[in-house]
Amino acid sequence: GLGRQRLQYSFWRLPRTQSSTIMANAVQLLIGAGGIYGAFIYYGVLQEGIYNYVGKDGSKFNFTLFLLLLECSANVLVGLVGYLVTGGTKGLPQDMFALTGGTQIAAKFLTNAAMATGVSFPTQALAKSGKMIPVMIGGLVLGGRKYSMREYLQVAAIVGGTAIFNLAKGKGGGKSSSALGFLCLVGSLVCDGITGGCQDGLKEKARKKGLKAKPYDMMLWTNFYMMLYMLVASILTGEFFTGYSWTMANPSVLKDILYFSACSAVGQSFIFFVVSVFDPLVCTTITTTRKIGSVLSSILIYGHSMSMQRWFGVALAVVGILGELESKLFNSKSKKLPHAHPKPIHAA
């Protein structure tokens, strides 16, 4: 009868609603993950190509300050558009943005300086995946924290895998990275650790003022101060002028630099898109696995000489990276209350 028809209608109606929601979320996730993967994998390919580029006079590109100035400028431009479209937050603590911008640009500068001294992109990418290292050292030395055996093993796998990859010879030989390059990577990791604390301080200071920074607030103001630091540094060192002259003399590398800067801005926008629609942990999962994709892309595209020892080093580091990611996923699930409502999905 009529009651049975209503029951059948309700039965079929519910799955369709759920399936359409799942489909919409899947499409959004595919767009976000595809954007992050595409932009940052190509970013890494371009970055390696820029530092390996040989100019008409036989010299290699070595203008890190100039490169970062252009990258940050592109980020500011895209961040400003997002800021104006979404409506910016007034009264945010600019001193904290200046501080976190300083630590972030220091980390980026040291990472790029490592590549300029001869560190390969796979070595840099694997080493930068060990951001838990400075956090752990700081916790042990300053805070007296204790860590589990698993956490020690994860860090050991990343460090050991990176060391094996760098020290092992590829087929037919291969060069190892310089000691100076490794010091730059260590310094970059330390700056990453400091940045995390600065960002927490920024959020806390904004909270006390009754404010909360939106994604494009963070992108615009952080990159604005990063751009200012690079502008001042490049002018004071003369690199702004020498870098400009070198790239004008080698227009093909200028094209790569512009694409590189665009990839950075587009990639950051996709990160903010994923964070605004999904849980931040989803973004962490995508960006972490993206690094593995960047390493493999570099090996395939640039033909890095690979031996069994080097592949073992990559595999060992990847195990450490994925182990750390799995720990974050597990801890996030265990912290959720049994009767807590799921986080609502917002439109981007």
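## Close-ups around Glu239

Let's start with the contacts of the whole protein: among those between residues at least 6 apart in sequence, 86% join residues at least 24 apart. Keep in mind that this is a predicted model.

**View 1. The whole protein, built from helices.** Here we have 12 helices and zero strands. Read from the N terminus on, the elements go α-α-α-α-α-α-α-α-α-α-α-α. Of the 348 residues in the protein, 42% are buried. About 18,500 Å² is exposed by the protein, and carbon and sulfur atoms supply 69% of that area.

**View 2. Glu239 in helix H9.** Zoom in on helix H9, which covers residues 239-249 and is where Glu239 sits. Is Glu239 buried or exposed? Glu239 has a relative accessible area of 15%, so it counts as buried, the cut-off being under 20%.

**View 3. The company Glu239 keeps.** Which residues is Glu239 in contact with, once neighbours within four places in sequence are set aside? There's a run of Asn62, Phe63, Thr64, Leu65 and Phe66, plus Ser234 and Tyr244. Take Phe63 from that list: Phe63 and Glu239 lie 176 residues apart in sequence, yet their C-alpha atoms are 6.5 Å apart in space.

**View 4. Side chain of Glu239 meets backbone of Leu65.** Now look at Leu65, another of the residues in contact with Glu239. What does the Glu239 side chain reach at 2.6 Å? The partner is the backbone nitrogen of Leu65. So this buried glutamate, with its relative accessible area of 15%, has a backbone partner for its side chain at Leu65.

Key. Residues numbered from 1 in each chain as written. Predicted model: local features only at pLDDT ≥ 70, side-chain atom pairs only at ≥ 80, totals over all residues. Heavy atoms only, no water. Helix = DSSP H or I, 4+ residues; strand = E, 2+ residues; numbered from the N terminus. Buried < 20%, exposed > 50% of the residue type's maximum accessible area, 1.4 Å probe, protein only. Contact = heavy atoms within 4.5 Å. Polar contact = N/O pair within 3.5 Å; in protein donor to acceptor, adjacent residues only side chain to side chain. Areas by Shrake-Rupley, 256 points an atom, 1.4 Å probe, with all protein chains shown as cover.
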